[in-house]
Amino acid sequence: MKILLTLLLLIPSLSLGLTFKNGKQEGSYKGLGWPTIEKHDLDSGKEWSQSIDTKFSRLGESSHKFEFRALDCKGFDCGRGDFKGSFGRTEAYINTKESGENWYAWSFFIDNSQLTYSSTSQKEIDNHLIQFGQMKLANENKVFSHCSEKGSENVFILQYKKRYKGLAISRTHCTKKTVVETDETAVLIPENILFNQWHDIVVHANWGNKGFLKFYINGDLKYIEEGFITNIFSYKGKSYGPSFRYGIYQNNAPKSFNGKITAWYDGIARARKCSEKNFSKMLNELGYSCDSLVDKDNQVIKPSFHEY
């Protein structure tokens, strides 16, 4: 045991985000500027679902690895869709209530080499939706009853469908009077470069009725909204704002899906200002700076919305 503790002190990459109990390693990834990152209650809970990978990472220390296999599910998810396993997830969440102006960052790597199907039905493959991160509100539907019918608690979802031809952002939100969604699917990372390489996401957000939402992909401004971003509300005397979830979430898979998806996340960070020491230092390690986060190709997506 003394030898193990000595090694952990000498080799920081092994100790980052790892805890030990009864001599066995337990997974717990540590984010920058975030409180404890926890497994979602509906995580499928397989031995392969979540782990800490000390051999593969974006920043050279460790990463949070997720592996989702066909038919993986737990609890409520297993009862959704046309068959058990149509819906499922391996997911982590950070139980916060974000408010005001903030900066966020994370990197991800998706291995799609075993995203396979027993059938070649293009329609089935095109409609298989997989999510790779979202900001979500809690209790919004209980405060604004008209929101519940549309399931509009999601602030944004990063999701992939074959027919999207890349990683797209979904923005459906509920105002105090109605529910609105974007007129078209906005693709942030095209499919030809999405898989099997690291991507860095930086989000600058000002949550509220009069705010903004900016997505920088690999250092380039790709998406911007101004105006209504989220509701500001309280429930049972507590204020609520969006919280961050990430991992692999499967929505309405076809029975022909017989493979698996693997994803790694690293550099999960949060700060009030981009200039905060640890946040800006991490950006520098990724090859960026606060000043270098700009529109580099004059192709910024500015979505329009319509009522349901």
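Hi everyone, let me begin with the aromatic cluster: Trp-34, Phe-66, Tyr-104, Trp-106, Phe-108, Trp-207, Phe-244, Tyr-246 and Tyr-265 come together as one group. Before I go on, please keep in mind that we are looking at a predicted model.

How many aromatic pairs are there by the ring-centre rule? The count comes to 22. I have picked two of them for today.

One is Phe-66 with Tyr-246, both members of the cluster I just listed. Their ring centres are 5.5 Å apart and the planes meet at 80 degrees; anything over 60 counts as edge-to-face, so that is the label this pair gets. Now, where do the two residues sit in the chain? Phe-66 belongs to strand β5, residues 63-69, and Tyr-246 to strand β19, residues 243-251, so the contact ties together parts that are 180 residues apart in sequence. Are these residues buried or exposed? Phe-66 is buried, with a relative accessible area of 0%, and Tyr-246 is buried as well, also at 0%.

My other pick is Phe-109 with Trp-264. Here the centres lie 5.6 Å apart and the planes are at 85 degrees, so this pair is edge-to-face too. Once again distant parts of the chain are linked: Phe-109 is in strand β7, residues 101-111, Trp-264 is in strand β20, residues 260-271, and 155 residues separate them. With the buried limit at under 20%, Phe-109 qualifies at 13% relative accessible area, and Trp-264 qualifies at 10%.

Some rings also have a charged neighbour. Arg-69 lies over the face of Trp-48, at 3.8 Å from the ring centre. Likewise, the charged end of Lys-214 is placed over the ring of Phe-212, 5.1 Å from its centre.

Let me finish with a sheet, and with β19, the strand that carries Tyr-246. β19 is part of an open sheet of seven strands, in the order β3-β6-β19-β8-β9-β10-β13, and the pairing is antiparallel. Which strands stand at the edges? They are β3, residues 38-39, and β13, residues 186-190; each has a single partner strand, so one side of each is left without a neighbour in the sheet. As a reminder, strands of a sheet pair through backbone hydrogen bonds, either parallel or antiparallel. If you zoom in on the β13 end, you will find β10, residues 166-170, pairing with β13 in the antiparallel sense over four bridges. Among the residues involved, Gly-166 has Pro-190 of β13 as its bridge partner.

That's my tour, and thanks for listening!

Methods. Residues are numbered from 1 along each chain as its sequence is written. This is a predicted model: local features need pLDDT of at least 70, side-chain atom pairs count only at pLDDT 80 or more; totals for chains, interfaces and linings use all residues. Side-chain values use heavy atoms; hydrogens and water are left out. Two strands pair if DSSP finds at least two bridges between them. Rings of Phe, Tyr and Trp (its six-membered ring) pair if their centres lie within 6.5 Å; planes under 30 degrees apart count as stacked, over 60 as edge-to-face and the rest as tilted. Buried means under 20% relative accessible area, exposed over 50%, partly exposed in between (1.4 Å probe, protein chains only). A charge sits over a ring if NZ of Lys or CZ of Arg is within 6 Å of the ring centre and within 35 degrees of the ring normal.
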